[in-house]
Amino acid sequence: MSTPHPDAHSSTPLRLVASKLLPGGQGLAAALLRRAATVELDWDCRQKSRFQAVDSSGRALGVFLPRGTVVRGGDVLVAEDGSLVRVIAAPQPVLVIRPCATHGGPFELTRAAYHLGNRHVPIELQPDHLKIEPDHVLAELLRAMHLEVQDTRAAFEPEGGAYGSHGHGHGHGHLAHEHPRDDPHEHSHDGHEHGHAACTHRHG
């Protein structure tokens, strides 16, 4: 969902066009990074090379990056006028997968990553847990493998590589049924609310 720009009805709306990305803000002084405006974007937006958003200063951003570019939290967008906008990975619904304290161990986590990878599911790999996007079929499969699966909200930074830039195809291999992507899921919000990332997608 896009956020209306405050100057949308003005004859000269304030809009930045960014076509350059500095991974991790490399080469920039810490003082510049602290002063830079920010924009919170979820994974769905950050895996697109062309999108629109609104930064923390209320400026509309038109982002045009080379196709296949993936934007990560901590990266810096450079606008045509030299303005810097630091990207924050917005909290979003995710499944956090951990070994069962009673029945499992690190091997089960490796096994889970293997099976998820076979299904081309975007996975964030951490030493003691995995993260994937919500999927009730996969959640049940993982619980059957003696893994703990928790619904929560957190930044999502999946590994790059095997899946394409869109990363939303959930091929379930030998699972017995399909499920719609808009199935309702219940999520724990850890007692606090998060703003939604303002991002609209451009195609072509």
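A nonpolar core is understood here as a set of buried Ala, Val, Leu, Ile, Met, Phe, Trp, Tyr and Cys residues joined through side-chain atoms within 4.5 Å. In the predicted model described here, the largest nonpolar core has 16 residues, and those with the most contacts inside it are Val39, Leu41, Phe51 and Leu77. At least two residues of this core are supplied by each of strand S1 (15-22), strand S2 (37-41), strand S3 (50-54), strand S4 (60-64), strand S5 (76-79) and strand S6 (84-89), and the largest share, three residues, comes from S1. Apart from this core lies another, of 15 residues, among them Leu109, Leu116, Ile132 and Ala139.

The protein chain as a whole contains four helices and eleven strands. Of its 204 residues, 41% are buried, and the chain exposes about 11,000 Å², of which carbon and sulfur atoms supply 53%. Among contacts between residues at least 6 apart in sequence, 73% join residues at least 24 apart.

Within the largest core, the surroundings of Val39 can be followed residue by residue. When residues up to four places away in sequence are not counted, Val39 touches Ala53, Val54, Asp55 and Leu61, and its contacts also include Val85, Arg86, Val87 and Ile88. Another position in this part of the chain is Ser83, which is placed in the loop between S5 and S6. Ser83 counts as buried because its relative accessibility is 17%, and buried means under 20% relative accessible area. Leaving aside neighbours within four places in sequence, Ser83 is in contact with Leu16, Arg59, Leu77 and Val78. Although Ser83 and Leu16 are 67 residues apart along the chain, their C-alpha atoms are separated by 8.2 Å. The side chain of Ser83 is also joined to that of Asp81 by a polar contact of 2.8 Å.

A sheet is described next. Strands of a sheet pair through backbone hydrogen bonds, either parallel or antiparallel. In this model, four strands form an open sheet in the order S8-S9-S7-S10, and the pairing is antiparallel. The edge strands are S8 and S10, each of which pairs on one side only. Strands S8 and S9, which run antiparallel, are joined by two bridges, and the bridge partner of Glu124 in S9 is Lys131. Helix H3 lies across S7, S8, S9 and S10, running at about 30° to S9. Helix H4 likewise packs on the sheet, where it touches S7, S9 and S10, and its direction makes about 145° with that of S10.

The sheet strand S7 (residues 92-99) includes Gln92, a residue that counts as buried because its relative accessibility is 8%. The side chain of Gln92 reaches the backbone nitrogen of Trp43 at 2.8 Å. Not counting residues up to four places away in sequence, Gln92 touches Asp42 and Trp43, and in addition Glu133, Thr152, Arg153, Ala154 and Phe156.

The packing of H4 can be described through its buried residues, which are Val137, Leu138, Ala139 and Leu142. These buried residues pack against S7, H3, strand S9 (130-132) and S10. At the N-terminal end, H4 is capped by Asp135, of which a side-chain oxygen lies 3.0 Å from the backbone nitrogen of Val137. H4 is followed by His146, whose phi is positive, near 65°.

Two histidines deserve attention for their backbone conformation. Most residues other than glycine have a negative phi. His120, however, has a positive phi, near 60°, in a residue other than glycine, and His146 has a positive phi of about 65° although it is not a glycine. Both residues are placed in loops: His120 is in the loop between helix H3 (106-118) and strand S8 (124-125), whereas His146 is found in the loop between helix H4 (136-144) and strand S10 (147-154). With a relative accessibility of 49%, His120 counts as partly exposed; His146, with a relative accessible area of 45%, is partly exposed as well.

Terms used
Residues are numbered from 1 along each chain as its sequence is written. This is a predicted model: local features need pLDDT of at least 70, side-chain atom pairs count only at pLDDT 80 or more; totals for chains, interfaces and linings use all residues. Side-chain values use heavy atoms; hydrogens and water are left out. Buried means under 20% relative accessible area, exposed over 50%, partly exposed in between (1.4 Å probe, protein chains only). Contact means heavy atoms within 4.5 Å. A polar contact is a pair of N or O atoms within 3.5 Å; within protein, one must be able to donate a hydrogen and the other to accept it, and residues adjacent in sequence count only if both atoms are side-chain atoms. Accessible areas come from the Shrake-Rupley method with a 1.4 Å probe; for residues, only the protein chains shown count as cover. Two strands pair if DSSP finds at least two bridges between them. Axes are lines fitted to C-alpha atoms, for helices over the stretch in contact, and angles run from 0 to 180 degrees between N-to-C directions.
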